[in-house]
Structure formats: C-alpha cells, structure tokens
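Biologist: Here is the model I'd like to learn to read. Take me through it one feature at a time.

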Amino acid sequence: MRLIGFAGWSGAGKTTLLARLIPVLVGRGHRVSTVKHAHHNFDVDKPGKDSHTHRTVGASEVLISSANRWALMHELRGAPEPDLPELVARLSPVDLVLVEGFKQDHHPKIEVHRAELGKPFLYPDDPFILGLASDHAVPGCPRPVIDLDDIEAIADFADQHAAPVDSIAWRPSAHSAG
C-alpha cells in the first residue's frame, strides 16, 4: 500500500478535491481507500437505529452488515484517539491510501490552498509537503504547484509521490485536522 496526504486549512477544498480525484485514480485501475480526520463530536450513526442503541448502552464495538456493505464502529470510551499509523493499519490492503487532514503528521502530502481564504501557506514549515494544488500562481514556491482544477495532473503527482506505507517514518500525531 502507498499513501499520500492532502492538507490545508478548513474551507480550502480538500474534500471536494478528493471527490474529484478518487474516480480518476480508480479509473486508472487503482484500489483506493481514504482516512479522514474529523472533529471529536462526529457520529456516523443515528438515534433510533439498533447499532446506535448497542453503542449507547455500552458496546465497545458494533459491526453492522448488509448485502451491500459493512461498517465497524469503535467507541474509545476515554481511551486516547488512535494515531494515523494505527488507523492505516486497520485498513484492508489497497493500492493507494489518501489521507485528508492529519496535517501535523510526517507523511508525504499535497497542500490544498485557496487564495480567497487568506490563510498562510503550510509548506514553508512542513518538509513533508511535496507539492501544492492551488487556485492561483505561487511565485517563488520551491515546490511544484498544480492548478486545483487539473485533476489529471494532481492524480499523476499523487501517484508518483505516494510512499509505501511500510517506508514512512511515522511520528505520533497531535491529531490535527486540516
């Protein structure tokens, strides 16, 4: 498995980019999985559903299955949040893992940047950012800058720069979104 991350400020378009990028990579024959960092209060379950009831009454894990999909929900119940390497290790083998967020972690990343947000670039302080996907020119940037709308070029860059998971020198994350 190979991995590449997408980091940027909230509102930069990371999710929108991945929604456009995944079909291109899949169309090229890659099996793709994603890992996304979410805010601590997120929930994928709904009150009134059996799986929600099982979790709220104390089950540590609830696996729900159908003919179309299965999902495993794990309640931390006060345990520390797993770091990115632990989460990636739980994935079934695929060709590419795309990571959204975890911007403080030490893995290869593409910075997603939009000028209208007025936020500073991440790349000057992050040697793991190998290139930028941006909606504007970035004069003087020492890293490749790809137009945010050039999905094929972003797919090429991601495919070329994704690192084998077992070669990444992981650093424990601060569980930073972005």
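Biologist: Let's start with a ring. Which residue lies over the face of Trp9, at 4.0 Å from the ring centre?

Modeller: First, some ground rules. This is a predicted model, where local features need pLDDT of at least 70 and side-chain atom pairs count only at pLDDT 80 or more, while totals for chains, interfaces and linings use all residues. Residues are numbered from 1 along each chain as its sequence is written, and side-chain values use heavy atoms, leaving out hydrogens and water. A charge sits over a ring if NZ of Lys or CZ of Arg is within 6 Å of the ring centre and within 35 degrees of the ring normal. Here it's Lys103 that lies over the face of Trp9, 4.0 Å from the ring centre. Lys119 also lies over the face of Trp9, at 5.2 Å from the ring centre.

Biologist: Lys119 has caught my eye now. Which histidine side chain reaches the backbone oxygen of Lys119?

Modeller: For that you need polar contacts: pairs of N or O atoms within 3.5 Å, where within protein one must be able to donate a hydrogen and the other to accept it, and residues adjacent in sequence count only if both atoms are side-chain atoms. The side chain of His113 gets to the backbone oxygen of Lys119 at 2.9 Å. His113 is part of strand 6; helices (H or I, at least four residues) and strands (E, at least two) are DSSP runs, numbered from the N terminus. With 5% relative accessibility, His113 is buried, meaning under 20% relative accessible area, whereas exposed is over 50% and partly exposed is in between (1.4 Å probe, protein chains only). Beyond its neighbours within four places in sequence, His113 is in contact (heavy atoms within 4.5 Å) with residues including Pro120, Phe121, His136 and Leu148.

Biologist: And His30, is that one buried or exposed?

Modeller: His30 counts as buried, at 16% relative accessibility, even though its place is the loop between helix 1 and strand 2. The His30 side chain makes a polar contact with the side chain of Asp159, at 3.1 Å. Setting aside residues up to four places away in sequence, His30 also touches Arg2, Leu25, Asp95 and Leu96, among others.

Biologist: On to helices. Which residues of helix 4 are buried?

Modeller: The general idea is that an α-helix has 3.6 residues a turn, so residues three or four places apart point the same way. In helix 4, residues 151-161, the buried ones are Ile151, Ile154, Ala155, Phe157 and Ala158. They span an arc of only 165° around the axis (taken from the directions from the axis to the C-beta atoms), so they sit on the same side of helix 4. What they pack against is strand 1, helix 1, strand 6, strand 7 and strand 8.

Biologist: What about strands, and which residues of strand 5 lie on each side?

Modeller: In a regular strand the side chains alternate between the two faces of the sheet. In strand 5, Leu96, Leu98 and Glu100 are on one side, Val97 and Val99 on the other, and all are buried, so both faces are covered. That's five of the five residues of strand 5, which therefore is largely enclosed by the rest of the structure.

Biologist: How many bridges join strand 1 to strand 5?

Modeller: Two strands pair if DSSP finds at least two bridges between them. Strand 1 and strand 5 run parallel and are joined by five bridges, with Leu3 opposite Val97. Strand 2 and strand 5 run parallel too, again with five bridges, and Ser33 stands opposite Val97. Strand 3 and strand 4, by contrast, run antiparallel with five bridges, and a hairpin of four residues joins them. There, Ile64 has Ala71 as its bridge partner in strand 4.

Biologist: Last one: what is the phi of Arg77?

Modeller: Most residues other than glycine have a negative phi. Arg77 has a positive phi, near 45°. Its loop runs between strand 4 and helix 3, and Arg77 is partly exposed at 47% relative accessible area. Phe102, also not a glycine, has a positive phi of about 50°. Phe102 sits in the loop between strand 5 and strand 6 and is buried, with a relative accessible area of 1%.
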